[in-house]
Amino acid sequence: MTPENEAATRYFSAITAALRGLEVFMRDDRSPLYRHGIVAKIVAEYIARLDNSFSCWRNRLGFMETFRISRAESGFPVFQNLLELENDRRQADTRLANIPLADELREEMADFILRHKEFPEALQKSMAERLYLEGVKSETTFGPFTLAQTAKVSVNPKTGRPYYLVHWAAFDGSANLPLVYMVTVEDSSEGMIDQLVDRNGKLNDKVDIPLPVEGLLNPELAHRFDDFTEKNSAYTLSPATIAVNLDKDFEPLHPKQLRRVVLGPFYSAGITENNSTVSDVLAKVRKPENAWLLTWTIQEVYSKAEKPGRKGLFSSEKTTQEFFIDTDDLEAARQGVSSYENHALIPHEAYQALYAAGEAQKIFSGYKVHILSKGQVISDV
């Protein structure tokens with residue numbers, strides 16, 4: 001195994017352990033995020049997609065020489081890897097047709113070893129490529145952009161409007177960061193109100209809504225909403241900017257809350273170079289599979305008031321939202337959010353190393369720390 005492949009193998013082991021630990025945290029009813037219920041469930045689904053992507057990339061390493069990550073910035077794979085994954089998915093059937101079946105490859109490998117008394121590298125690469133293509137074809141992976149889904153529908157008793165919880169995801173190509181978005185949006189379209197709201201101002205139980213629904217629930221706006229989310233998911237756009245753009249671009253839609261979960265940066269000993277202090281301490285961790293640190297940020301912006309629209313003879317104004325930005329918190333103002341939370345997940349052994357080095361307090365200042373130990377996550381340390 002080349003030094004590059006050995007480093008890649010260590011990286012995959014670390015990032016896989018981190019993502020599975022994060023999924024444990026999201027699905028744990030004792031975790032701080034679980035109080036939001038559906039929010040944690042949605043994020044966990046995208047983490048599972050990421051985990052599937054890494055499983056595919058790991059198999060890809062068996063027949064490709066290199067795998068590039070953003071070593072000095074996010075610690076995640078560079079955007080090109082996601083594009084190649086999508087391209088390989090489209091070509092999977094054609095390429096698989098030209099590779100022998102797995103059982104045939106195993107027989108050929110066994111026969112080769114018996115006859116030549118050496119390892120069949122070419123056959124091993126063919127096997128790795130088959131496993132990779134089968135995984136890419138069958139698994140739900142984290143793509144460059146994942147179209148929106150409506151996960152929840154209800155009615156605001158104050159306004160009499162139906163509202164939806166809609167989520168989507170993007171991998172930012174500049175920052176190389178996975179981003180998960182969730183928006184709660186009210187819909188004042190007459191057709192949707194007539195269909196979804198009963199005489200008592202509650203959700204019409206006679207309408208069957210098979211959740212989750214692909215796209216925005218409102219079919220007249222669904223395609224436009226998909227276009228909007230794809231163009232407004234960049235990491236450089238603040239949550240407030242995205243919420244204001246959504247409010248402005250859709251007459252009947254009224255965004256009440258927008259959340260963005262930014263996964264990363266990820267730190268891995270001997271691989272990433274995004275924080276020299278963290279890297280130096282993680283390098284001293286005895287087990288390589290425990291020498292990592294994963295951070296993420298939850299950003300939120302919400303509407304504090306609604307400015308009524310005005311219809312006149314010569315001009316009109318749509319109903320608009322007044323979004324709250326916490327200007328008393330300089331970091332919240334910089335991020336363009338009402339509030340934010342920084343989180344960090346780290347194996348117990350790595351946390352002990354940082355603590356022993358006297359670096360834990362400085363590194364985790366402003367973070368909610370969660371420690372992964374024996375398959376469980378311990379928070380509020």
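This text walks through the predicted model, from the overall build to one helix and two buried polar residues.

Start with the whole chain. The protein has 381 residues, and 51% of them count as buried. Its secondary structure comprises twelve helices and twelve strands. Along the principal axes, the C-alpha atoms fill a box of roughly 90 × 55 × 35 Å. Take the contacts between residues at least 6 apart in sequence: 68% of them join residues at least 24 apart.

Next, the surface and the charges. The accessible surface comes to about 19,500 Å². Carbon and sulfur atoms account for 49% of that area. There are 44 positive and 54 negative side chains. The centres of these two sets lie 3 Å apart.

Now zoom in on helix α7, residues 222-231. Its buried residues are A222, F225, D226, F228 and T229. Viewed down the axis of α7, the buried residues fall within an arc of 165°, so they line one face of the helix. The general rule helps here. An α-helix has 3.6 residues a turn, so residues three or four places apart point the same way. The face of α7 turned away from the buried side carries H223 and K231, both exposed. What covers the buried residues? The cover includes strands β1 (145-156), β2 (161-172), β3 (177-187) and β5 (253-268), along with helix α8 (239-249).

Two of those strands, β2 and β3, are joined by a loop that holds N176. Is N176 buried or exposed? Its relative accessibility is 9%, under the 20% limit, so N176 counts as buried. A polar atom of the N176 side chain lies 3.0 Å from the backbone nitrogen of F79. F79 is also among the residues that N176 contacts beyond its neighbours within four places in sequence. That list further holds S70, S74, F76, P77, V78 and F171.

Move on into β3, where E186 sits. E186 has a relative accessibility of 3% and therefore counts as buried. Which side chains make polar contacts with the side chain of E186? One is T159, at 3.2 Å. Another is R161, at 2.9 Å. Leaving aside neighbours within four places in sequence, E186 also touches N156, P162 and Y163. Its contacts further include P252, L253, H254 and K256.

Technical notes: Residues numbered from 1 in each chain as written. Predicted model: local features only at pLDDT ≥ 70, side-chain atom pairs only at ≥ 80, totals over all residues. Heavy atoms only, no water. Helix = DSSP H or I, 4+ residues; strand = E, 2+ residues; numbered from the N terminus. Buried < 20%, exposed > 50% of the residue type's maximum accessible area, 1.4 Å probe, protein only. Contact = heavy atoms within 4.5 Å. Areas by Shrake-Rupley, 256 points an atom, 1.4 Å probe, with all protein chains shown as cover. Lys, Arg positive; Asp, Glu negative; His and termini not counted. Charge placed at Lys NZ, Arg CZ, Asp CG, Glu CD. Arc of directions from axis to C-beta. Polar contact = N/O pair within 3.5 Å; in protein donor to acceptor, adjacent residues only side chain to side chain.
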